[in-house]
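Student: I should like to learn how to read the sheets, the core and the pocket of a protein model. Could we work through one together?

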Amino acid sequence: MLQPETDEDGAPFWEYAAQHELRVQSCAQCSTLRFPPRPCCPQCQSFDSEWQRMSGRGRIWSYVVPHPPLLPDYAAQAPYNTVVVELADAPHIRLVGNVVAGPGAPLNSVDPARLRIGARVQVTFAEDGGTTLPRWLLERP
C-alpha cells in the first residue's frame, strides 16, 4: 500500500494518529484551525501552532469508487471507496480516507452502494505498513 509522505509540519498529525487521536493544527495566536498542516497561519501569519483534538465525527462530503486500471496493491481490493470527510468540529476541513466496516477491516469491506453524500461517519484507526491511518465508520450501518 502507498504510505503517506511525512514532512515536519505534518509529522504531529501522524504521531497523534498512532495514539488513535484525530488532531488538527491550529494557530496558537488566533485559534484558526488549518489542514493540511503548514508553518504559517493563513489568517494572522503567526508561526506558532498547536494541535487541537477533534471529536472524530464528520460527514461524507464526496466519494469515488475507483475502477481499473489500478495500482497492483489496490486492484485486489476493488471495488473500494475513497471518501472526502468534512469534519463536524471544523466543516471547512476535509480529510481523504476510506469507509470501512470496522477497525482493521479491509478497504473493500463496505459495499459502495451504501455510501451517500452527507452520511455521518466516525473516525477509526488502522495499522497499515507501519503507519496508523484514520479511516471512517458509517454511524448508522
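Tutor: Let us begin with one pair of residues: Q25 stands opposite R34 in β2. Please keep in mind that this is a predicted model.

Student: Which strand is joined to β2, and by how many bridges?

Tutor: In general, the strands of a sheet pair through backbone hydrogen bonds, in either a parallel or an antiparallel manner. Here, strand β1 (residues 23–27) is joined to β2 by 2 bridges, and the two run antiparallel.

Student: What is the strand order of the open sheet of 3 strands?

Tutor: The order is β2-β1-β3, with antiparallel pairing. Its edge strands are β2 (33–34) and β3 (49–53), each of which pairs on one side only.

Student: How is the open sheet of 5 strands ordered?

Tutor: Its order is β6-β5-β4-β7-β8, and the pairing is antiparallel. At the edges are β6 (94–97) and β8, each pairing on one side only. From one strand to the next, the twist averages 40°.

Student: How many bridges join β7 to β8?

Tutor: There are 8 bridges between these antiparallel strands. As for facing residues, F125 stands opposite P134 in β8.

Student: Which strands does α1 lie across?

Tutor: The helix α1 lies across β7 and β8, and runs at about 70° to β8.

Student: Which residues touch the most other members of the largest nonpolar core?

Tutor: To read a core, one looks for the members with the most neighbours inside it. The largest nonpolar core has 23 residues, and L22, I60, L87, V99, W136 and L138 touch the most other members. At least two residues of this core come from each of α1 (11–18), β5 (82–87), β7 (120–128) and β8 (131–138).

Student: What is L87 in contact with, leaving aside its neighbours within four places in sequence?

Tutor: With those neighbours set aside, L87 is in contact with L22, V24, M54, R57, G58, I93, L95 and W136. Of these, L22 and W136 are also among the core residues that touch the most other members.

Student: Turning to the pocket, what volume does the largest one have, and which residues lie nearest its centre?

Tutor: A pocket is read through its volume and its lining. The largest pocket has a volume of about 660 Å³. It is lined by 29 residues, of which P4, W14, V96, G97 and L133 lie nearest its centre. The elements giving two or more residues to this lining are α1, β6 and β8.

Student: Where, then, does β8 appear in what we have read?

Tutor: Strand β8 is an edge strand of its sheet, supplies at least two residues of the largest nonpolar core, and gives two or more residues to the lining of the largest pocket.

Methods:
Residues numbered from 1 in each chain as written. Predicted model: local features only at pLDDT ≥ 70, side-chain atom pairs only at ≥ 80, totals over all residues. Heavy atoms only, no water. Core = buried A, V, L, I, M, F, W, Y, C linked by side-chain atoms within 4.5 Å. Buried < 20%, exposed > 50% of the residue type's maximum accessible area, 1.4 Å probe, protein only. Helix = DSSP H or I, 4+ residues; strand = E, 2+ residues; numbered from the N terminus. Contact = heavy atoms within 4.5 Å. Pairing = 2+ DSSP bridges. Axes fitted to C-alpha atoms, helices over the stretch in contact; angles between N-to-C directions. 1 Å grid on protein atoms, 1.4 Å probe; cavity = no way out; pocket = protein on both sides within 12 Å on 5 of 7 lines; lining within 4 Å. Points joined across faces, edges and corners; volume = space filled by probe spheres on them.
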